[in-house]
Amino acid sequence: MIRGGKSLVSSSPAFSNDATKLLVCTGTTVSIFSTATALQIGELEGHLALVTSVIVEPAVTSSSKKLCFCWTASLDGTMRFWDFSVPELIKTVDVKLPIFSMVIPRFLRQQVQNDDKKSDLYAYVSVEDIEGRDNPNKSSSGQIRKCNLTKSHLIAALTLAETPTPELITISPSGKFFAICSKRKVFVWETSNKESDRTTLKKLKLHHTKNFTAVAFHESERIIAAGDYTGRILIWRGFGNKTFLGESVSAAGKMMIDKEGRPGVRGNDDAESCSTWHWHSSEVIVLSFSSDGAYLYSGGKEGVLVVWQLDTGKRKFLPRIGSPLLYYIKSSDPTMSSISCADNQIHLLQMPAMNILKSIAGIKLPFASPVTKEGSSGLYAFSSLGLLALRTENYCVQFYSLFDDRESLEVQVCERNHQPGDDVTVMVALIALSLDGTLMCTVEERLPENEIGGLICLKFWSRENQNEEFSLMTVIYEPHRDAGISAITFHPTLPMAVSSSFGGDFKTWVSRQKHNLKDKVHQRVSWTCHAVGSYKKKPMTAASFSPDGSVLAVAAETVITLWDPHKNVLVTVIGETSKYITTLSFTGKSKFIVSVSHGSSPQLCVWSLSKLSIAWSYKLRVEALTCAEDGSFAIFAILNETYKTVEGEIFLGRDGVILIFNPSDPYPVSAWSVTKAVGGSISFIKRNTDVLGDGAQDVHNPNELLAYVNGDHEYMLFDHNNTTLSLQPFNRSFNSGLKETGQFGYNSIYGELPEFNPMKTDEAAPAPSIPTGKPWETIFSGSSHNLPSLVKLCPVYLESFLEKRSVPLE
């Protein structure tokens with residue numbers, strides 16, 4: 001099994017002592033990246049929950065910079081000590097409380113005395129009080145606690161602060177101070193050079209009229225900066241004279257200081273002065289002083305790193321980063337730093353020029369789309385060679401290698417001229433890839449403003465091979481007039497694509513390629529409309545080619561129409577569902593086709609092409625559907641609360657299920673329950689033997705793997721024939737409450753006949769003596785595959801033979 005797609009920006013990263021490695025919190029692990037290549041070179045595994053902090057033990061001398069030791073903290077309530085050069089776990093400290101943040105002051109002290117080296121090592125942690133969280137009468141669940149790492153215990157008698165929620169702890173570069181932001185206050189503690197379990201810390205408070213969001217300490221001076229949610233930055237100079245240094249003044253002197261000597265300081269706050277800077281339009285997320293203390297870096301949702309000159313307040317910018325900033329980290333090398341962004345990227349910066357040297361790009365995280373779509377069809381596109389294409393918030397399509405767990409490339413689909421956080425006016429609605437991954441089709445929707453000005457754009461892209469960039473070949477505006485596009489699918493072998501429309505038609509597109517035989521160079525390729533089809537002006541809601549490309553299936557709302565794609569001729573029509581069909585797929589070389597319907601009565605249906613009727617069905621909310629080469633297929637379904645309650649311990653809080661079927665059998669071959677199901681998808685992909693190596697020879701099917709992507713864009717690749725995997729396989733009894741009785745032959749077309757009871761004595765109501773006046777032939781004006789039942793047909797047919805007479809009114 002291969003796992004990947006974790007967030008790189010859930011917590012602040014950390015540089016190694018020699019700045020050649022970057023340690024990044026990635027879910028329950030810590031990934032180690034090379035700063036020279038931006039590639040992952042190692043991983044620390046052992047935590048059971050999200051890792052929230054990583055702290056590298058600093059080098060005391062220049063010769064010890066090669067030492068690679070670090071502490072990590074996690075929501076599983078443990079702190080672990082590692083040698084990340086091996087990597088190897090050395091020690092575990094269990095405090096039995098979820099840890100949200102951790103600092104170790106002694107690591108940052110410039111001069112470490114010999115006796116201090118022999119003393120116990122202490123950490124200050126921000127934890128969640130589990131009892132306070134579950135107690136409705138207690139308003140605070142966050143605590144700042146002290147932990148003895150040497151003796152592996154939490155000091156029970158000491159709680160430095162209680163906050164409504166666990167807060168991030170920020171420590172000064174010298175290790176002398178650490179602080180937290182809690183609503184409109186900044187709490188600052190001074191640490192002791194000689195710590196013990198009974199050491200008490202001095203604390204001061206700094207106040208503001210707005211809620212704080214970030215805090216930072218100066219490199220050497222007693223200067224602290226804090227940002228609020230309105231975009232303002234407050235800078236206090238000379239904080240802690242009275243609290244930490246013990247300075248005292250008379251009442252008259254205090255009055256004089258309040259009037260003249262402490263400009264901008266509120267109330268009794270212990271600071272010499274306070275100044276305010278304002279550039280950001282929304283909350284300040286990133287604050288950090290430069291290594292020499294001359295500059296202050298700030299960032300937020302604008303996606304711009306602002307560099308403030310501390311003495312003058314002048315500023316310069318690093319613009320067009322493209323995503324809100326989350327963390328700014330300095331390294332021991334003054335020419336290198338990193339910045340983490342909300343689009344799951346970490347940029348390595350060359351300082352002070354602020355040039356981006358390398359970027360560590362994770363899979364793009366989910367974002368809120370202004371237009372919701374039922375199911376995940378069209379939101380993801382899988383290449384059979386292991387590439388995942390997904391939409392991004394910045395109008396791009398990201399190609400992510402599932403085998404390598406890194407970004408392959410990014411295609412800018414739409415022009416972008418807005419800042420992060422602005423209202424979305426353009427979106428990539430659908431993505432489709434050819435089987436070999438060299439052709440791509442995207443649907444771009446420009447949302448109307450006040451119901452005016454909407455636009456739909458169809459774009460075709462191409463590249464020569466998997467290692468090249470995509471180039472735009474053809475742009476088609478309003479391909480289906482003003483109607484939206486419901487689905488796109490590529491022909492399996494030919495340069496042909498089909499787009500279906502809610503406006504009542506589908507179009508077949510083919511590429512026109514002209515070759516210059518003399519120069520052996522082909523000219524620009526363009527895509528043109530080859531044919532247009534429709535069925536009774538019904539919305540065309542889904543489309544799919546057969547594996548050999550000889551048949552095209554298009555869903556006309558609730559029915560399935562089969563076409564010859566080359567001649568654009570309707571071949572036949574299959575059955576009808578209760579709700580409109582959103583997804584269609586042929587099941588390999590077998591004579592079945594699978595459809596998915598959404599709405600108030602979601603349904604999965606398997607249709608027999610030989611009988612032109614439904615074979616079996618389930619009432620399931622299916623998010624995604626994929627078919628294998630051997631004819632089997634897999635579905636990814638969302639579980640409702642009924643099945644979670646009925647099955648009890650089987651799901652253990654999981655909200656989705658993956659089922660593998662043979663189309664001829666309604667009972668699944670394999671089944672797994674999963675978490676974070678909403679917004680996820682699945683697909684069969686070919687096995688990459690170069691990545692898996694010889695260790696993959698013991699699996700049942702060496703040709704294909706099943707890829708599952710959850711709603712957070714985390715993914716796993718696994719052998720779907722191996723039922724021993726830890727995906728929570730469950731018993732077949734789960735399906736007993738879901739199966740529907742399939743109708744075959746006559747019943748599937750005309751409906752069920754009423755049960756005949758020869759002993760029944762009740763007579764039916766006599767037929768009226770006056771015909772309705774409606775010709776019985778009108779009954780056959782409906783769909784040919786959906787004729788009325790005989791009990792309705794016969795009376796009307798017989799009425800047509802009655803002679804019409806006018807009846808005088810009395």
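The protein has 7 helices and 59 strands. The model is a predicted one. Work through the exercises below in order.

**Exercise 1. The whole protein**

Task: State how many residues the protein has and what share of them counts as buried. Then describe its contacts and its exposed area.

Solution.
- Step 1. The protein has 810 residues, and 52% of them count as buried.
- Step 2. Take the contacts with a separation of 6 or more. Residues 24 or more positions apart account for 49% of these.
- Step 3. About 39000 Å² is exposed by the protein. Carbon and sulfur atoms supply 50% of that area.

**Exercise 2. The setting of Thr 29**

Task: Find the strand that holds Thr 29. Decide whether Thr 29 is buried or exposed. Then list what Thr 29 touches.

Solution.
- Step 1. Thr 29 lies in strand 4, which covers residues 29–34.
- Step 2. The relative accessible area of Thr 29 is 4%. The cut-off for buried is under 20%. Thr 29 is therefore buried.
- Step 3. Leave out residues up to four places away in sequence. Thr 29 then touches Lys 6, Val 24, Glu 43, Leu 44, Glu 45 and Val 51.
- Step 4. Now look at Glu 43 again. Its side chain and that of Thr 29 are joined by a polar contact of 3.2 Å.

**Exercise 3. Strand 15 and its partners**

Task: Explain why strand 15 is described as largely enclosed. Sort its residues by the way they point. Then describe how strand 15 pairs with strand 14 and with strand 16.

Solution.
- Step 1. Strand 15 spans residues 177–182. Of its 6 residues, 6 are buried, so the strand is largely enclosed by the rest of the structure.
- Step 2. Recall the general rule. In a regular strand, side chains alternate between the two faces of the sheet.
- Step 3. Sort the residues. Phe 177, Ala 179 and Cys 181 point one way from strand 15. Phe 178, Ile 180 and Ser 182 point the other way. All of them are buried.
- Step 4. Go to strand 14, residues 170–171. Strand 14 runs antiparallel to strand 15, and 2 bridges join them. Ile 171 stands opposite Phe 178.
- Step 5. Check the turn between these two strands. They form a hairpin with 5 residues between them. Gly 175, in the turn, has a positive phi of about 75°.
- Step 6. Go to strand 16, residues 185–190. Here 6 bridges make the join to strand 15, and the strands again run antiparallel. Ser 182 stands opposite Lys 185.
- Step 7. This pair is a hairpin too, with 2 residues between the strands. Lys 183 takes a positive phi near 55° there.

**Exercise 4. Salt bridges between distant parts**

Task: Count the salt bridges in the structure. Then locate the partners of the Asp 120–Lys 151, Glu 283–Lys 301 and Asp 505–Arg 481 pairs.

Solution.
- Step 1. The count is 13 salt bridges.
- Step 2. Asp 120 and Lys 151 meet through their side chains at 3.6 Å, N to O. The pair links distant parts of the chain, 31 residues apart. Asp 120 is in the loop between helix 1 and strand 11. Lys 151 is in the loop between strand 12 and strand 13. Lys 151 is exposed, at 52% relative accessible area.
- Step 3. Glu 283 and Lys 301 form a salt bridge at 3.7 Å, N to O. Glu 283 is in the loop between strand 21 and strand 22, and Lys 301 in the loop between strand 23 and strand 24. They are 18 residues apart. Glu 283 is partly exposed at 26%. Lys 301 is partly exposed at 36%.
- Step 4. Asp 505 and Arg 481 meet at 3.8 Å, N to O. Asp 505 sits in the loop between strand 39 and strand 40, and Arg 481 in the loop between strand 37 and strand 38. The two are 24 residues apart. Asp 505 counts as buried at 6%, whereas Arg 481 counts as exposed at 52%.
- Step 5. Finish with a network. Lys 364, Glu 407 and Glu 410 are joined into one by salt bridges that share partners.

**Exercise 5. A surface patch**

Task: Name the residues of the nonpolar patch that includes Tyr 477. Then describe Tyr 477 itself.

Solution.
- Step 1. The patch consists of Leu 472, Val 475 and Tyr 477. Together they have about 260 Å² of accessible area.
- Step 2. Tyr 477 lies in strand 37. Its relative accessibility is 56%, so Tyr 477 counts as exposed.

Notes:
Residues numbered from 1 in each chain as written. Predicted model: local features only at pLDDT ≥ 70, side-chain atom pairs only at ≥ 80, totals over all residues. Heavy atoms only, no water. Helix = DSSP H or I, 4+ residues; strand = E, 2+ residues; numbered from the N terminus. Buried < 20%, exposed > 50% of the residue type's maximum accessible area, 1.4 Å probe, protein only. Polar contact = N/O pair within 3.5 Å; in protein donor to acceptor, adjacent residues only side chain to side chain. Contact = heavy atoms within 4.5 Å. Pairing = 2+ DSSP bridges. Salt bridge = Lys/Arg side-chain N within 4 Å of Asp/Glu carboxyl O. Patch = residues over 30% accessible without salt bridge, like charges linked within 9 Å, V, L, I, M, F, W, Y side chains within 5 Å. Areas by Shrake-Rupley, 256 points an atom, 1.4 Å probe, with all protein chains shown as cover.
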